[in-house]
Amino acid sequence: MEFAPEKGKHVNGDSSTLILPALSIGNVGQLAVDLLVASTRAERIGYLDTPYVLPCVGNDAYGPVPNGELALPLEAYDSSANAMTLIQQRSPVVKGRMIEFAKNLADYVAASGKKHVVVLSSLDFGRWQRVDMSSGLQTLYLSSTNSDGTDDYCEQLGWKKLQEYKPTQKAWKYLSTLAEGNAIPESILPFEGELEEEEYYYPSLPFAALFSCLKAKGLKVTCLFCYCSEGDNIPDAFHLAEAACKLLDLSPSNFQGDSNDKWVTPLSWKTLYGPPADMSLF
């Protein structure tokens with residue numbers, strides 16, 4: 001993976017934290033990163049080039065007006081005031097290349113000196129085994145801090161570990177071995193058709209590959225999740241963005257200085273669900 005800096009821009013060496021999305025249902029991780037980029041006024045510092053992400057191009061996502069600056073599949077942003085870098089991914093990974101992409105990205109992140117990577121992802125509400133909405137929308141997490149995926153600080157924040165992460169389970173062992181680049185023991189090789197079984201569902205998701213490959217590089221990784229369904233996922237994006245701020249001890253109310261609004265919605269959200277209606281017809 002190659003980094004192409006914008007003219008006159010460079011990576012801030014003091015930004016030891018990286019936030020990035022894992023593509024999933026409702027694109028909630030990407031929407032949350034959009035919200036964080038717009039609200040922190042992070043500046044685009046360059047682009048990442050990899051053969052494992054499908055090409056795409058669009059207009060400037062953040063505005064305040066669409067001025068014709070191109071948006072590309074993988075972009076890097078820096079918020080020096082908050083000591084963090086953000087990567088936005090705008091198109092999916094080439095089918096069957098998720099592990100290669102995750103390894104590629106992990107190599108770049110480790111080489112750039114990042115210490116803590118926060119991955120934002122949604123999960124399919126239809127697969128939630130123990131539904132508990134008594135306290136509203138919940139945040140779940142997965143951390144590399146302990147071998148079982150737990151983290152004391154995340155627990156103090158009232159979050160629950162993703163129960164489907166079972167590192168001793170065959171599917172997760174298989175993924176971990178792939179991420180580490182080791183020879184795969186015959187005992188954990190999946191049989192024909194076994195990859196389609198329920199046990200392999202969560203380990204097959206993009207967040208799992210990112211978590212495993214970043215962890216294999218010795219980086220601290222925290223994945224934050226919320227369950228959702230396809231539809232209007234803007235509230236879910238706000239939820240994950242708030243969770244990321246809690247984790248990093250950032251106060252969204254400080255993002256805008258004297259403004260009463262702590263969040264800035266990106267320009268691109270105005271047409272998130274299609275172009276606005278032509279009110280002259282009514």
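I will go through the sheet of this structure, two helices packed on it, and some aromatic pairs. Keep in mind that this is a predicted model.

Start with the sheet. It is open, has 9 strands with mixed pairing, and runs in the order E1-E3-E4-E5-E2-E6-E9-E7-E8. At the edges are strand E1, residues 2-5, and strand E8, residues 160-161, and each of these pairs on one side only. For one pairing inside the sheet, take E2, residues 17-21, and E5, residues 84-89: they are parallel, over 3 bridges. In that pairing, Thr17 sits opposite Met84 of E5.

Now the helices. Helix H1, residues 28-40, packs on the sheet and touches E2, E4, E5, E6 and E9. Its direction makes about 135 degrees with that of E5. Helix H6, residues 234-247, also packs on the sheet, touching E6 and E9, and its direction makes about 150 degrees with that of E9.

Next, the aromatic rings. How many aromatic pairs does the structure hold? There are 9. One of them is Tyr165 with Phe211, edge-to-face, 5.6 Å centre to centre and 80 degrees between the planes. Tyr165 is in the loop between E8 and helix H4, Phe211 is in helix H5, and the two are 46 residues apart. Tyr165 counts as buried at 6% relative accessibility, and Phe211 is buried at 1%.

Another pair brings us back to H6. Why is the pair of Phe238 and Trp263 edge-to-face? Because the planes of the two rings are at 85 degrees, and over 60 counts as edge-to-face. Phe238 is partly exposed at 23%, whereas Trp263 is buried at 13%. Both belong to one aromatic cluster with Phe255 and Trp269.

Terms used
Residues are numbered from 1 along each chain as its sequence is written. This is a predicted model: local features need pLDDT of at least 70, side-chain atom pairs count only at pLDDT 80 or more; totals for chains, interfaces and linings use all residues. Side-chain values use heavy atoms; hydrogens and water are left out. Two strands pair if DSSP finds at least two bridges between them. Helices (H or I, at least four residues) and strands (E, at least two) are DSSP runs, numbered from the N terminus. Contact means heavy atoms within 4.5 Å. Axes are lines fitted to C-alpha atoms, for helices over the stretch in contact, and angles run from 0 to 180 degrees between N-to-C directions. Rings of Phe, Tyr and Trp (its six-membered ring) pair if their centres lie within 6.5 Å; planes under 30 degrees apart count as stacked, over 60 as edge-to-face and the rest as tilted. Buried means under 20% relative accessible area, exposed over 50%, partly exposed in between (1.4 Å probe, protein chains only).
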